[in-house]
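Here is a friendly walk through one protein model, written to be read with the structure open beside it. Let us take it piece by piece.

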Amino acid sequence: MQRLIALLLFLLLPAAAQAGAQIYEPLSASVRASLYKSVSDSVPPRMAFSSSIEEINWLDEMSRRMEKRIPDRATRLDFLKTVHYEASRAGLDPQLVLGLIQVESGFKKYAVSSAGARGFMQIMPFWVKLIGASDNNLFHLRTNLRFGCTILRHYLDREKGDLFLALGRYNGSRGKPEYPNAVLANRARWLS
């Protein structure tokens, strides 16, 4: 009977997000100021392609791949444009960010992990208090992606460009291979 109840709860409740136990780490005042500036920039998103043909091709290909995950075309294109803008803005590969989102939330905007992380990129609420503003909504697409890309960029810088360690730190599993390997495997699927 308990197994049946557990199975029913599993099927009825929204899928749990995969965020790990990312922990608060004290930041110097200069790092906090830099991260705050990065997440509070209000420039409207724009694509960062070398040509309009490249932009159209990327959006068409990624949109086709995401059709089952985000069925509404306008929502899907807005999501992809925002991913590309925020990833490029942070100096990240957009396909890496797509791979991370796939692992973290399964592309569920309102995903909440057991640790309390929120949204597509599973941002822990302490980040809003640390580098954001009280009105930042982690379920808002651009806010969530802005925070996630900024945090991942911070961890990449902190780990001197070591993507494996930066991904582990992002997830709270630094030094363990499961999470970075899952993100990198999903990134490869977005690249192929």
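## A tour of the model

Asp-93 is found in the loop between α4 and α5. Please keep in mind that this is a predicted model. At 23% relative accessibility, Asp-93 counts as partly exposed, because buried would require a value under 20%. Leaving out residues up to four places away in sequence, Asp-93 touches Ala-87, Arg-187 and Leu-191. One of these partners comes from far along the chain: Asp-93 and Arg-187 are 94 residues apart in sequence, and their C-alpha atoms are 9.2 Å apart in space.

**The chain as a whole**

With that loop located, we can step back to the overall layout. The protein chain has 9 helices and 0 strands, and reading along the sequence gives the pattern α-α-α-α-α-α-α-α-α. Of its 192 residues, 45% are buried. Among contacts between residues at least 6 apart in sequence, 59% join residues at least 24 apart.

**The nonpolar core**

Which residues have the most contacts inside the largest nonpolar core? They are Phe-79, Leu-98, Ile-101, Met-121, Trp-127 and Tyr-170, and the core itself has 45 residues. The elements that give two or more residues to this core are α3 (52–66), α4 (73–89), α5 (94–105), α6 (126–131), α7 (141–158), α8 (163–171) and α9 (178–191). The element that gives the most is α7, with 8 residues.

Phe-79 is a good place to put your cursor. Setting aside its neighbours within four places in sequence, Phe-79 is in contact with Met-66, Ile-70, Leu-98, Ile-101, Phe-107, Phe-120, Leu-141 and Leu-145. Two of the residues with the most contacts in the core, Leu-98 and Ile-101, are among these partners of Phe-79.

**A closer look at α7**

Why can α7 be called largely enclosed by the rest of the structure? The reason is that 15 of its 18 residues are buried. The length of α7 can be checked too: at 1.5 Å a residue, its 18 residues should span 26 Å, and the end C-alpha atoms are 26 Å apart, so the two values agree. Just after α7, Lys-160 takes a positive phi of about 55 degrees.

**Two buried loop residues with positive phi**

Most residues other than glycine have a negative phi. The loop between α5 and α6 holds Phe-107, and Gln-122 has its place in the loop between α5 and α6 as well. Phi of Phe-107 is near 65 degrees, a positive value in a residue other than glycine. Gln-122 is not a glycine either, and has a positive phi of about 55 degrees. Are these residues buried or exposed? Phe-107 counts as buried because its relative accessibility is 6%, and Gln-122 counts as buried because its value is 3%. Phe-107 also belongs to the contacts of Phe-79 listed above.

**How the helices pack**

Three helix pairs can be set side by side, each with its packing angle and the distance between axes.

| Helix pair | Angle | Axes apart |
|---|---|---|
| α3 and α4 | about 120 degrees | 10 Å |
| α3 and α9 | about 120 degrees | 10 Å |
| α5 and α9 | about 125 degrees | 7 Å |

With that angle of about 125 degrees, α5 is oblique to α9. The angle between α3 and α4 makes them oblique to each other, and α3 and α9 are likewise oblique to each other. The crossing of α3 and α4 is right-handed, and α5 passes α9 in a right-handed crossing.

Which residues of α3 meet α4? They are Trp-58, Leu-59, Met-62, Ser-63 and Met-66, which meet Arg-76, Leu-77, Phe-79, Leu-80, Lys-81 and His-84 in α4. Where α3 packs on α9, Met-62, Arg-65 and Met-66 meet Arg-189, Trp-190 and Leu-191. Met-62 and Met-66 therefore take part in the meeting of α3 with α4 and in that of α3 with α9.

Between α5 and α9, the residues from α5 are Gln-95, Leu-96, Leu-98, Gly-99, Leu-100, Gln-102, Val-103 and Glu-104. Their partners in α9 are Tyr-179, Ala-182, Val-183, Leu-184, Asn-186, Arg-187, Trp-190 and Leu-191. Here we come back to the starting point, as Arg-187 and Leu-191 are also touched by Asp-93.

Note on methods: Residues numbered from 1 in each chain as written. Predicted model: local features only at pLDDT ≥ 70, side-chain atom pairs only at ≥ 80, totals over all residues. Heavy atoms only, no water. Core = buried A, V, L, I, M, F, W, Y, C linked by side-chain atoms within 4.5 Å. Buried < 20%, exposed > 50% of the residue type's maximum accessible area, 1.4 Å probe, protein only. Helix = DSSP H or I, 4+ residues; strand = E, 2+ residues; numbered from the N terminus. Contact = heavy atoms within 4.5 Å. Expected span 1.5 Å × (residues − 1). Axes fitted to C-alpha atoms, helices over the stretch in contact; angles between N-to-C directions. Parallel < 35°, antiparallel > 145°, perpendicular 65-115°, else oblique. Left-handed = near helix turned anticlockwise from the far one by under 90°.
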